[in-house]
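Please look through the sequence and the structure shown below before reading on. The report that follows takes up one helix and then two pockets.

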Amino acid sequence: MDLERLLSDRLAPAFATVAGGPVDPLVRRSPRADFQSDAALALARRLGRPPRDIAADVLRHAVLDDVCASAEVSGPGFVNLTVADGALARMVAALAGDDRLGVPTTGTPETVVVDYSAPNVAKEMHVGHLRSTVIGDAAVRLLDWLGHRVVRVNHLGDWGTPFGMLIEHLVDLGEAEAADELSMGDLDSFYKAARGKFDADEAFRERSRRRVVALQGGDERTRRLWRLLVELSERYFLTVYDLLDVTLTGDDFRGESAYDDMLAGVVADLDGLGLLRASDGAACVFPPGFVGRDGEPLPLIVRKSDGGFGYPATDLAALRHRTGELGATRLLYVVGLPQRQHFAMVFAVAGAAGWLRPPARAEHLGFGSILGADGRMLRSRAGESVKLVGLLEEAVARATELALAKDPELDAATAAEIGRAVGIGAVKYADLATDRGKDYVLDWERMLSLDGNTAPYLQYAYSRIRSVFRRAGTDARPDAPVVLAEPAERALAVELLGFAGVVAEVERTLEFHHLAGYLHRLATTFSAFYERCPVLRAPDGLRESRLLLADLTARTLRQGLHLLGIRTVERM
Ligand code: ARG
């Protein structure tokens, strides 16, 4: 049961009567009452009436008696709502008996394709890929839990001209040596060595060019060497996913090469639709509304002047495959903001071609950069991009050390388990708790702090509740009568009833910082409750009710963190 939604549903018909048409009551949490509706203010001009009059009129029409203890006009024309204790207690009791914590599965399941992670073969994953992987994983978990059919797509960069030089370098090294280097995760040095020879050596360059032609032409030995490069890289990426604790598997790789044989058809179809224009020997689409700095229309190049197809053509083919073959109606692309224009143009062209038609829609979930302590793009000391595995290992090592410092008695296995959950959780949470579009600074101290809006704080709050139950020696009884006498109990109840609303919002926006913010509020509200309301020492009846509230809090924290891809531990 979503409290905010319930109140909104109760006010909506009243507003509709007063305004003579549908109105969103704009219900939100209020500092003065439990909730407030701001819609009367927005209506005042349209109706030519003072907002307080409108609000009073709405209250005359609204049916609220069974839910609200008081409903009144306040200030310039807000409607302030205080929920009745009895209604709150009833709803909390219903929550306690619900495995899904009040969150219904969707009434309109759809096929959602989530395009995320997408590193490049024979290249190290960088922090941008970390963000894509973490955000994409959260999207997948949430949409899946709500009952959508989710297709994970790892749009691996496994095709294109660089493979000429990469394969030639592989041949020079020998397969065994190359396999060694790549399986150690030494992707960058492999790539750089290939690049170095390509830049310095004309003969190598020529071999590389011929190799690209052989690859495109389907030459068998070349294909095999290419597959080897792809497989070695995939194997390495899977170790990173494992360390990162994300749900991506080997079956989710569907690299750029998978669309290769569709590219000519895509371009031919665009041509047939009259959308193509030649520009400097390249075949381009000029979607309306896209202009460069000079005011000139911007092209989406679908076939280059050398006859090759590139990144845009591949994305068009992939999109058509997703809406056509996979029947997806929601397409998500979790890719950094620098590619915003690329996706806007791809979506516009796909729309014009009829490959992306309502109800199908595509969303670019862009994200900002991770910055170093100096406020600039995160770099290693040598000025190179930071190796992702190194960063994750450091997180785990630091968290393990902190766990041992806090409790030197911990045995090694438990310390390692806590270190992994907390270290990886801290990295993911720091990412998901920030507004996706913004940059953020990788700050170990803050990320791993037990105070503030961090994973360790939430994980600790969870483990603390679990320790209450260990001491109680019982589980909560989900059918225990709920008593809400103290303000701190009421506040906790209201917070617990907000989970469904937040999940519904994140389903729409995929802005996970709202879920993170909610979990943090829930944990601080619990902490205030726990300070003021003794649980184990409470008299019979009250004790069971408080145990139920504590258990609901723990379950909500665990489920919420799970949706973010973050583990909880029973003690820490
Ligand atoms: N491989 C690309 C990169 O590393 C990201 C691909 C994103 N997905 C897509 N469909 N274009 O930048």
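## Helix α14

In this predicted model, the residues of α14 that are buried are Leu-388, Val-389, Leu-391, Leu-392, Ala-395, Val-396, Ala-399, Thr-400 and Ala-403. These buried residues of α14 pack against four elements named here with their residue ranges: α5 (127–145), α10 (220–244), α15 (412–432) and α16 (444–447).

Helix α14 runs over residues 388–406, and because a helix is expected to span 1.5 Å a residue, its 19 residues should cover 27 Å, which agrees with the 27 Å between its end C-alpha atoms.

## The largest pocket

The largest pocket holds about 940 Å³ of space. Its lining is made up of 34 residues, and those that lie nearest its centre are Asp-2, Glu-4, Gly-501, Val-502 and Ala-504. Two or more lining residues come from each of α1 (3–19), β1 (27–29), α18 (487–496), α19 (499–509) and α20 (512–532), and α19 gives the most, with eight residues. By type, the lining of the largest pocket divides into 16 nonpolar, seven polar and 11 charged residues.

## The second largest pocket

In the second largest pocket there is about 650 Å³ of space. This pocket is lined by 35 residues, of which His-126, Gly-128, His-129, Gly-336 and Gln-339 are the closest to its centre. The elements that give two or more residues to this lining are α5 and α12 (311–324), with the largest share, five residues, coming from α5. The lining residues of the second largest pocket divide into 15 nonpolar, 14 polar and six charged.

The helix α5 thus links two parts of this report, as buried residues of α14 pack against α5, and α5 also contributes to the lining of the second largest pocket.

Note on methods:
Residues numbered from 1 in each chain as written. Predicted model: local features only at pLDDT ≥ 70, side-chain atom pairs only at ≥ 80, totals over all residues. Heavy atoms only, no water. Expected span 1.5 Å × (residues − 1). Buried < 20%, exposed > 50% of the residue type's maximum accessible area, 1.4 Å probe, protein only. Contact = heavy atoms within 4.5 Å. 1 Å grid on protein atoms, 1.4 Å probe; cavity = no way out; pocket = protein on both sides within 12 Å on 5 of 7 lines; lining within 4 Å. Points joined across faces, edges and corners; volume = space filled by probe spheres on them. Nonpolar A, V, L, I, M, F, W, Y, C, P; charged D, E, K, R; others polar.
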